[in-house]
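Colleague: I have the sequence and the fold open side by side. Can we go through them together, one point at a time?

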Amino acid sequence: MVMPPFRVGMGYDAHRLVVGRDLVLGGVTIPHSTGLLGHSDADVLVHVMIDALIGAANLGSIGLLFPDSDPQYQGVASVRLLETVMGRVRAMGYELGNVDGVVVAQNPKIMPYRDAMITTVAGALGVDIGQVSIKATTTESLGFEGREEGISAHAVAIIYRV
């Protein structure tokens, strides 16, 4: 099978906000009264970037590669999983063109942490910060994000054959 010169993948994820957890987004801990619930650090932004890369490379799913039934992933920093996935993408002969992520949250405000998130994600991916885009939006108080019950995120990634 001949692999195409480029591939595109997308990711979507959502996690519930709970008391007693750190809020980690884009590999950055953000001061907040609640954090995201999950087996790992529950970094919903990094999870969707992982899913976008997995989709582009046709590697299955995040749950298949890093099952929540496996204790080695309990509390793991999601950026470590992102590094692992990018290594697999590179082993297939592909490189990252860019990744674009959107965080959907009423609160906290994401923009004060955006540059740190971009730097952290780019470092995990081993790419230039210009290849990582992170944005945020609210839902104008609509839905679970608007009621501050959880945070969701979307991402798209393009990989190209080297």
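Modeller: Gladly. Keep in mind that this is a predicted model. Let us start in a loop: E140 is found between β6 and α5 (143-146).

Colleague: Is E140 buried or exposed?

Modeller: Exposed means over 50% relative accessible area. E140 passes that cut-off, so it counts as exposed, with a relative accessible area of 63%.

Colleague: What is the phi of E140?

Modeller: Most residues other than glycine have a negative phi. E140 is a residue other than glycine, yet its phi is positive. The value is near 55°.

Colleague: A42 has a positive phi too. Where is the place of A42?

Modeller: The phi of A42 is near 65°, and A42 is a residue other than glycine. Its place is in the loop between β4 and α1 (44-57).

Colleague: Is A42 buried or exposed?

Modeller: Buried means under 20% relative accessible area. A42 falls under that cut-off, so it is buried, with a relative accessible area of 0%.

Colleague: Which peptide bond is cis?

Modeller: Most peptide bonds are trans. One here has omega near 0°. Its proline, P108, is found in the loop between β5 and α4. The cis bond runs from N107 to P108.

Colleague: Now the whole chain. How many helices and strands are there?

Modeller: From the N terminus on, the elements run β-β-β-β-α-α-α-β-α-β-α-β. That gives 5 helices and 7 strands.

Colleague: In which order do the strands of the open sheet stand?

Modeller: The sheet holds 5 strands, and the pairing is mixed. β5 and β6 run parallel. β1 and β7 run antiparallel. The order is β4-β1-β7-β5-β6.

Colleague: Which strands stand at the edges?

Modeller: An edge strand here has a single partner strand, so one side of it is left without a neighbour in the sheet. That applies to β4 (35-36) and β6 (132-137).

Colleague: How many bridges join β1 to β4?

Modeller: Strand β1 covers residues 6-18, and its pairing with β4 is antiparallel. V18 has G35 as its bridge partner. L17 has L36. The count is 2 bridges.

Colleague: And how many bridges join β1 to β7?

Modeller: These two strands run antiparallel. One of the pairs puts F6 opposite Y160 in β7. The count is 11 bridges.

Colleague: Over how many bridges do β5 and β7 pair?

Modeller: β5 spans residues 94-104 and β7 spans residues 150-161. V99 has A157 in β7 as its bridge partner. The two strands pair in the antiparallel sense over 10 bridges.

Colleague: In β6, what is the bridge partner of V103?

Modeller: Here β5 and β6 run parallel, joined by 6 bridges. For V103, the partner in β6 is A136.

Colleague: Next, I118. Which residues does I118 touch?

Modeller: I118 lies in helix α4 (residues 114-125). It is buried, with a relative accessible area of 7%. Leaving out residues up to four places away in sequence, it touches I129, V132 and I134.

Colleague: How far apart in space are I118 and V132?

Modeller: In sequence they are 14 residues apart. I118 touches V132. C-alpha to C-alpha, the distance is 6.0 Å.

Colleague: What radius of gyration does the protein chain have?

Modeller: With 162 residues, a compact globule would come near 15 Å. Along its principal axes, the C-alpha trace spans about 50 × 35 × 25 Å. The radius of gyration agrees with the globule value, at 15 Å.

Colleague: Of contacts between residues at least 6 apart in sequence, what percentage join residues at least 24 apart?

Modeller: The I118 and V132 pair, 14 residues apart, falls short of that second limit. The share that reaches it is 73%.

Colleague: What percentage of the residues count as buried?

Modeller: Buried means under 20% relative accessible area. A42 is one such residue, and I118 is another. Of the 162 residues, the buried share is 46%.

Colleague: Last, the surface. What percentage of the exposed area do carbon and sulfur atoms supply?

Modeller: The protein chain exposes about 7600 Å². Carbon and sulfur atoms supply 56%.

Note on methods: Residues numbered from 1 in each chain as written. Predicted model: local features only at pLDDT ≥ 70, side-chain atom pairs only at ≥ 80, totals over all residues. Heavy atoms only, no water. Helix = DSSP H or I, 4+ residues; strand = E, 2+ residues; numbered from the N terminus. Rg over C-alpha atoms; globule rule 2.2 N^0.38 Å. Buried < 20%, exposed > 50% of the residue type's maximum accessible area, 1.4 Å probe, protein only. Contact = heavy atoms within 4.5 Å. Areas by Shrake-Rupley, 256 points an atom, 1.4 Å probe, with all protein chains shown as cover. Pairing = 2+ DSSP bridges.
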